Amino acid sequence: MRRVLACFFLYLVLSACSDGSDSNSEAVPTNPFPGFSSSQYEDLDNWLCHPDLPDSEDICDSNLDTTVVFADGSTEIEPHRRASDPQVDCFYVYPTVSGDPGGNADLNEGTEEQFTTLNQAARYSRFCRLFAPIYRQTTIASIFTGAEGDRELAYGDVLASFKQYMATRNNDRGVLLIGHSQGSSHLRRLVAEVIEQDDYLLEHLIAAHLIGSTVRVADGADIGGSFSQVPVCRSTDQTGCVVSYVTYRSSDPFLASGQGRFGAPTDNQTAICVNPAAPAGGAANLSPYFPEGSLQTLSAVIIPRAQGPFAAADTAPPITTPFFRMPDFIRAECKVDDNGYSYLEARALADSTDPRADDFNGEFILGDGWGLHLVDVTLAMGDLVDLGHLQALAWLSDR
């Protein structure tokens with residue numbers, strides 16, 4: 001009888017400790033936005049890229065074929081290959097491009113938004129489905145004319161579109177965040193305030209490519225600063241991490257005098273610089289993709305240093321594709337200067353004896369300290385896509 005009573009008492013103790021559940025089991029994180037719906041983003045009117053858009057209306061389905069111009073002047077056509085059945089997603093937010101007159105853009109897509117999305121995001125279609133919302137960003141006028149822009153309105157649109165994507169289209173897929181300049185700043189906030197606060201979102205973050213906006217870490221560390229859980233990417237197979245950089249030439253006078261707009265240190269924190277062509281560090285040749293044409297408004301504010309891929313543009317063979325690239329033409333390395341600015345230093349590998357151009361365009365005519373901000377993504381487009389693809393494969397492998 002004593003043995004029976006002892007066993008019964010032990011059963012009661014164990015039952016109380018376990019509370020009727022398996023102590024070794026862990027709750028599986030679930031999508032945090034079930035049933036969410038945004039009247040602004042539930043249909044397709046306010047998306048530049050979306051898998052449900054007809055091909056003729058999806059900017060990311062446009063022609064991305066490229067003419068490769070080699071050092072000896074010979075050329076070949078490189079067709080763009082889109083994934084036929086992509087297993088992961090990309091979510092892109094474009095930079096400050098709107099020419100609308102007020103402080104905030106409307107929701108009508110213009111040629112600026114289309115051109116920029118085509119140049120900065122569409123090439124990721126090599127491995128992912130692309131989602132690119134139109135949002136009421138703060139405009140170019142808000143920077144240069146003093147028009148008052150509402151950043152909260154702009155971020156609210158980005159947040160709503162991301163929640164709409166997560167609620168209706170994510171379906172347990174990994175997602176790569178892509179942004180430049182203002183787009184990166186909104187995504188930086190999204191990561192800190194939304195993604196880092198939820199286990200499901202963290203588990204489904206392949207990486208964040210946040211280019212052209214200062215993202216900081218604690219001095220000498222890979223975490224702390226802008227993010228508390230998302231570290232700096234240091235290898236091609238690392239996931240759940242951030243790639244960020246801002247680009248300057250070594251000869252930039254405003255950087256040398258401590259007047260750069262991006263990459264400055266603050267409060268014992270350093271700006272992140274990850275060279276997408278060499279995430280572990282060191283110098284590497286970049287793989288740029290230059291648009292063959294340009295927006296008239298953009299051409300008017302860029303310092304002209306080259307007229308395409310050839311030195312003698314007037315007698316050069318025509319470029320018949322929307323893009324061109326020049327292998328082994330630009331070399332880049334992350335640097336920290338005497339003022340503490342952390343940046344990606346880019347330089348042309350000029351050869352006056354070959355038929356290719358000896359420089360590239362990228363600096364503003366107006367405005368100080370911008371460096372190569374306009375071409376942050378252009379100069380490393382191929383490397384960013386390659387890195388994102390490897391990170392996506394690593395994320396899928398870990399699943």
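Two strands count as paired if DSSP finds at least two bridges between them. The model used in these exercises is predicted.

**Exercise 1. The hairpin**

Work out how strand 2 and strand 3 are joined, and which residue in strand 3 stands opposite Thr67.

*Solution.*
- Start with the ranges. Strand 2 covers residues 66–69, and strand 3 covers residues 75–78.
- Count the bridges. Four of them join the two strands, which run antiparallel.
- Pick the pair. Opposite Thr67 stands Ile77 of strand 3.
- Look at the turn. Five residues lie between the strands of this hairpin, and Gly73 has a positive phi near 95 degrees.

**Exercise 2. The first sheet**

Place strand 2 and strand 3 in their sheet, and state which strands stand at the edges.

*Solution.*
- Read the order. The sheet is open, has four strands in the order 3-2-14-13, and its pairing is mixed.
- Find the edges. Strand 3 and strand 13 (290–291) each have a single partner strand, so one side of each lacks a neighbour in the sheet.
- Check the far end. Two bridges pair strand 13 with strand 14 (residues 323–325) in the antiparallel sense.
- Name a facing pair. Phe290 is opposite Phe324 in strand 14.

**Exercise 3. The second sheet**

Give the strand order of the sheet that holds strand 10, and name the bridge partner of Ala332.

*Solution.*
- Read the order. This open sheet of four strands runs 10-16-15-12, with mixed pairing.
- Find the edges. Strand 10 (247–248) and strand 12 (284–285) each pair on one side only.
- Move to strand 15 and strand 16. Strand 15 (residues 330–336) and strand 16 (residues 342–348) run antiparallel and are joined by seven bridges.
- Name the partner. Ala332 is bridged to Ala346 in strand 16.

**Exercise 4. Helix 4**

Test the length of helix 4 against its expected span, then describe its start and its buried residues.

*Solution.*
- Set up the span. Helix 4 has 18 residues (151–168), and at 1.5 Å a residue it should span 26 Å. The expected span uses one less than the number of residues.
- Compare. The end C-alpha atoms are 26 Å apart, which agrees.
- Inspect the start. A side-chain oxygen of Asp150 comes to within 3.0 Å of the backbone nitrogen of Glu152.
- List buried residues. Among them are Ala154, Tyr155, Val158, Leu159, Phe162 and Met166. Polar names also appear, including Asp157, Ser161 and Gln164.
- Identify the cover. It includes strand 1 (47–49), strand 4 (88–93), strand 5 (128–133) and strand 6 (175–180). Helix 5 (182–193) and helix 6 (199–203) are also part of the cover.

**Exercise 5. Positive phi outside glycine**

Locate Ser181 and Asn268, and decide whether each is buried or exposed.

*Solution.*
- Fix the cut-offs. Buried means under 20% relative accessible area, and exposed means over 50%.
- Take Ser181. Its phi is positive, near 55 degrees, and it is not a glycine. Ser181 sits in the loop between strand 6 and helix 5. Its relative accessible area is 14%, so Ser181 is buried.
- Take Asn268. This residue is not a glycine either, yet its phi is positive at about 60 degrees. Asn268 lies in the loop between helix 7 (253–256) and strand 11 (269–271). Its relative accessible area is 65%, so Asn268 is exposed.

**Exercise 6. The cavity**

State how many cavities of 30 Å³ or more there are, and which residues line the largest cavity.

*Solution.*
- Count. There is one cavity of 30 Å³ or more.
- Size it. The largest cavity holds about 30 Å³ of space.
- Trace the lining. It includes Ser213, Thr214, Val215, Ser244, Tyr245 and Val246. Gly263, Ala271, Ile272 and Ser342 also line the largest cavity.

Notes:
Residues numbered from 1 in each chain as written. Predicted model: local features only at pLDDT ≥ 70, side-chain atom pairs only at ≥ 80, totals over all residues. Heavy atoms only, no water. Buried < 20%, exposed > 50% of the residue type's maximum accessible area, 1.4 Å probe, protein only. Contact = heavy atoms within 4.5 Å. Polar contact = N/O pair within 3.5 Å; in protein donor to acceptor, adjacent residues only side chain to side chain. 1 Å grid on protein atoms, 1.4 Å probe; cavity = no way out; pocket = protein on both sides within 12 Å on 5 of 7 lines; lining within 4 Å. Points joined across faces, edges and corners; volume = space filled by probe spheres on them.
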